[in-house]
Amino acid sequence: MSEEKKSGSHVETIHLPAPTAWPIVMAFGLMLVFAGLVTNIGISVLGAILALFGAVGWFRQVLPHEAHEDVPVVVERVVIETARRQVERIVVDEHHREHFPLETYPILSGIKGGIAGGIAMIPPALLYGYLSHHSIWWPVNLLGGAGLANWHHPSTADIAHFYWGGLAVACAIQAVVSLLVGLLYGAMLPLLPRHPIILGGIIAPVLWTGMIHATLNLINPVLDSNIAWGWFLVSQVTFGLVAGWVVSRQEKIQTAQSMPFILRMGIEGSGLTQEQDDEDHKA
Amino acid sequence: MADRTFPIEGTLDLTPAHVHEHTWLEVLHEWVTTVDHKKLGIMYVLYGFFFLLVGGAEALAIRVQLAEPNNHFLSPEVYNRFFTMHGTTMVFLVGMTIIFGFANYLVPLMIGARDMAFPRLNAFSFWMTAFGGLMLYYSFLGGSGLYGVGNAPDVGWFAYAPLTARAFSPGNATDYWALALIVTGVGTVGTAINVIATALSMRCKGMTLMRMPLFVWLSVVTSGLTLVTITPLTAAQIMLVIDRYLGGHFFDTQAGGSAVIWMHFFWIFGHPEVYVLVLPAFAIANEIIPVFSRKAIFGYPAMVAASVGIAFVSLGVWAHHMFTIGMTSVSNAFFVLSTMLVGIPTGIKIFNWVATMWGGKIRFATPMLFLTAFVFQFLLAGLTGIMLAVAPWDWQLHNSYFVIAHFHYVLVGAILFAIFGGLYYWFPKATGRMLNETLGKWNFWLFFIGFHVTFDTMHFVGMLGMPRSIYTYEADRGWGHLNLIVSIGAFIQGISVLIFTTNLLWSAFRGKVAGNDPWDAWTLEWAAASPPPVYNFPTEPSVSSRRPLWDLKHPEDPDWKYE
Amino acid sequence: MSTATLIPHATHAPEQEWNLPSRGRVAMYCLIIGESAIFVIFVVAYIYYIGRSLTGPTPREVLDVPIFNTICLLSSSLTIWIAERSLERNKIRLFGAWWALTLVLGAIFLVGTGIEWHTLIYEKGLTISTNLFGTTFYSLVGLHASHVIFGLIGLSTVLIFTLLGKVREEHSERIQVLALYWHFVDAVWVVVFTVVYILGR
């Protein structure tokens with residue numbers, strides 16, 4: 001169909017399939033075959049005959065050679081151009097993907113922050129015990145109460161008294177929870193990589209306090225019934241601020257986001273990183 | 001390149017060809033016997049547009065009937081015929097024909113070919129579709145149905161069994177429905193084969209698969225999907241015809257047959273069919289949005305992958321039309337999840353269109369207005385689709401006007417808007433004249449307002465519990481005012497379509513002369529004359545990027561450097 | 001009246017071979033995909049309705065396994081392949097002989113189906129409206145038989161042209177496309193045979 005007839009050295013005419021009526025005859029015939037089913041069988045017979053003629057006629061158009069007509073080419077010079085020549089490419093600068101954290105703090109820094117914060121939150125807690133019940137052991141026993149064997153319905157004096165067991169359990173709980181919270185904090189750091197103190201000092205303590213407030217009744221009912229939530233929040237914020245401050249002093253590391261997809265997928269190939277370097281040099 | 005002289009050596013006849021005045025009979029003969037893809041494409045679109053007016057008139061009659069409670073503008077029998085024919089017409093005679101019209105006209109031009117792969121098959125397919133439509137509408141005169149008078153199909157466009165059995169649908173109205181659609185189905189499959197063969201085997205030099213315009217890509221995907229969706233419908237309709245003519249028992253529950261299996265077969269066709277219709281709308285969006293944003297399409301490979309993904313996923317979601325038939329909870333869960341999966345590739349597309357517009361130098365000419373509305377409305381349509389994909393929600397709203405509103409949001413809000421945009425965009429190519437912009441703006445804004453008045457309100461009517469396909473309703477149901485608003489919106493849309501028709505007729509003869517490239521576009525069809533000569537391109541083009549005309553217009557900054 | 005325009009030409013593109021798939025082949029594969037979808041629906045209907053007929057006769061009572069027919073049809077796929085090969089090597093007479101054999105094998109299959117149906121209808125009393133088994137059986141096997149008929153019409157056309165001496169080596173491509181269809185008809189029979197005569201009984 002798209003062959004060009006060359007006469008001499010230039011194209012004068014183009015071969016195109018010749019118009020033909022056979023397809024419409026065949027289509028009409030086939031439609032009548034079906035229409036006959038809903039009207040009169042005679043129409044189907046007529047349709048079949050038409051379709052047969054159409055098919056044979058069509059066949060003779062295509063075989064042995066496709067029927068063609070030659071369409072003369074008349075040349076009109078058309079130039080492809082635009083009035084809007086100026087092209088402004090959208091500049092993509094290096095920090096285009098800034099919203100992905102390119103750098104963040106390592107998770108280990110969160111654990112360090114957790115340890116520091118865990119130590120730092122002890123003074124406000126002890127201060128609270130001293131101011132409200134004149135005993136620094138009050139908060140210790142509240143936290144470590146679960147470690148005391150016969151600690152069912154303690155009186156206020158009981159809680160304010162000093163117990164070795166209570167201190168030990170409280171230290172253990174404080175250490176483990178501080179480490180775990182620090183780990184969680186480290187894992188959350190890429191959410192707000194540039195503001196670890198806001199995340200650790202304000203957002204996380206508020207969320208954490210809310211969660212404890214909602215669930216503490218189930219975990220440690222004694223603690224729940226004696227806790228002062230204002231002071232609790234103060235010590236949490238102290239934890240967070242100190243943890244955040246410790247984290248912010250750490251070295252930042254690069255996230256995987258800045259690496260090409262292939263590297264992130266862990267697919268290795270010879271020369272992969274080499275090419276990368278070459279391109280950088282060219283640019 | 002732009003300065004090079006015509007690449008043909010030797011002498012060329014530069015005198016205008018003698019102008020021969022054709023009699024109307026010669027013109028008619030020329031159009032009837034043509035195998036030219038451009039003429040066939042135009043005929044497809046005109047034929048589809050004619051039936052759009054017919055189907056639209058039916059919709060308006062339905063809306064008058066429903067505008068107030070206890071109305072008797074139509075008789076119940078005519079009402080049933082009208083909603084059946086409205087659905088059947090709009091899907092098979094409007095949607096399918098217009099989209100294949102676009103594909104016929106544009107695919108060869110976009111890939112730099114002279115014609116379709118099988119020009120005669122192309123003509124045959126068009127005439128099959130055309131005659132099928134005429135046969136369907138002949139049933140208004142020639143059908144002898146329940147009432148002994150001229151009778152069109154009245155079993156709903158999905159023709160659920162057992163209503164279609166001889167016992168419940170005597171006469172031959174239902175046979176007209178089945179047989180006429182088998183006829184159009186043959187035509188549709190023929191064109192689908194043709195489009196695929198053309199796009200794969202007729203590409204010009206340099207037009208690799210990943211350089212094909214996205215319109216061509218989506219036409220291929222649509223055609224591939226057509227091959228596996230229209231044929232199950234044909235198979236099911238053959239079964240129906242066997243039941244009705246030869247006393248078969250496929251859908252005969254009295255003899256152990258199953259009515260539910262018809263639903264399965266129909267929706268195995270019916271749901272992918274929606275994607276067959278909407279993918280070309282995406283195709284149009286993929287061409288128009290970049291040109292009017294003056295940016296290359298964002299994420300070309302992702303668009304291709306998403307289109308193919310939609311085609312595959314769409315084959316596994318059909319039973320979400322059937323949550324209320326009592327499937328097992330495993331089936332329900334499967335179809336809920338697979339349906340929601342469709343949201344992923346479609347979401348990719350919406351993001352990519354928005355990203356294409358983002359930072360672009362947008363011109364809000366009429367085509368772009370329509371396509372901007374398309375993106376917005378298609379997103380909303382998709383969201384109600386996700387809502388309906390949730391089985392319990394669907395149990396509540398199944399077959400209510402909420403569902404009607406949802407799929408009209410897709411079919412009108414997305415597909416028809418894209419088709420209008422496409423017509424404004426390519427009309428200059430096909431006729432050499434621009435459509436009038438002022439009328440175009442009126443067309444757009446009226447249609448936009450009318451569309452939202454009608455179909456936004458329809459959601460509420462559905463939430464209030466109005467079921468589909470009902471003839472009328474009592475005043476105390478509280479649907480009256482909302483239905484009146486819906487009907488008013490329908491008439492605003494009707495006026496808008498009339499404005500478009502006027503624009504079409506007026507501009508075809510009196511419109512501003514367009515030139516070859518009125519939109520400053522980048523695909524190959526704009527390198528041909530307007531209207532293109534019968535052979536499209538005097539010499540075979542060759543391309544080296546996705547935007548060959550951009551390369552010619554900006555030789556200092558061509559695309560192939562970046563691809 | 002036609003006009004010609006300047007056409008984009010890639011000036012920098014290196015000259016390389018530009019190969020496109022044959023349009024006939026692409027179209028035939030598409031047709032086969034479409035036809036397969038039709039068959040899938042009929043086969044699903046058949047499987048779904050196995051054993052759901054409310055009245056007799058059942059498949060076990062009336063169906064005989066058409067071994068001979070099946071052998072004929074399946075071997076015709078082989079003979080048509082040999083014919084294609086002969087044409088590629090420009091051995092026209094050999095091509096004609098194998099092609100005719102294919103045609104004969106196909107015709108035997110069709111006659112065999114006819115005999116089977118005749119027995120079923122007139123001796124065993126199974127018609128398309130007898131029960132669900134009859135409905136699904138005649139439509140599925142009939143659908144396949146109609147494809148065999150279309151295939152045979154195509155085959156005979158080629159045979160007539162061969163006898164007239166019009167077929168030459170350069171027609172190899174088109175004939176292979178037709179042969180593709182015949183292979184499809186055979187492959188479908190494997191499915192139909194399995195479903196109807198093995199699973200269905």
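How many of the 29 residues of α5(B) are buried? In this predicted model, the count is 28 of the 29, so α5(B) is largely enclosed by the rest of the structure.

That helix also passes a quick length check. Helix α5 of chain B covers residues 173–201, and at 1.5 Å a residue it should span 42 Å; its end C-alpha atoms are 42 Å apart, which agrees.

Now for the contact between chains B and C. On one side sit 56 residues of chain B, and they meet 39 residues of chain C. Four elements of chain B, namely α5, α6 (214–246), α7 (259–293) and α16 (548–553), each give two or more residues to the side that touches chain C. The top contributor there is α6(B), with 10 residues. Here is how the residues on that side of chain B split up by type:

| Residue class, side of chain B touching chain C | Count |
|---|---|
| Nonpolar | 40 residues |
| Polar | 13 residues |
| Charged | 3 residues |

Next, the nonpolar cores. The largest one has 252 residues, and B:V183 and B:A418 have the most contacts inside it. Helix α13 of chain B (residues 401–431) gives the most to this core, with 22 residues.

What does B:A418 touch, leaving out residues up to four places away in sequence? Its partners are B:A281, B:I284 and B:A285, plus B:F370, B:L371 and B:F374. Apart from the largest core lies another, of 14 residues, including A:M121, A:L199, A:V242 and A:A243.

Conventions
Residues are numbered from 1 along each chain as its sequence is written. Chains are lettered from A and ligands numbered from 1 in the order in which they are written. This is a predicted model: local features need pLDDT of at least 70, side-chain atom pairs count only at pLDDT 80 or more; totals for chains, interfaces and linings use all residues. The expected span of a helix is 1.5 Å times one less than its number of residues. A residue is buried if 20 or more other C-beta atoms lie within 10 Å of its own, exposed if 12 or fewer, and partly exposed in between; C-beta atoms are placed from the backbone. Two residues are in contact if their C-beta atoms, placed from the backbone, lie within 7 Å. Ala, Val, Leu, Ile, Met, Phe, Trp, Tyr, Cys and Pro count as nonpolar, Asp, Glu, Lys and Arg as charged, and the others, Gly among them, as polar. A nonpolar core is a set of buried Ala, Val, Leu, Ile, Met, Phe, Trp, Tyr and Cys residues joined through C-beta atoms within 7 Å.
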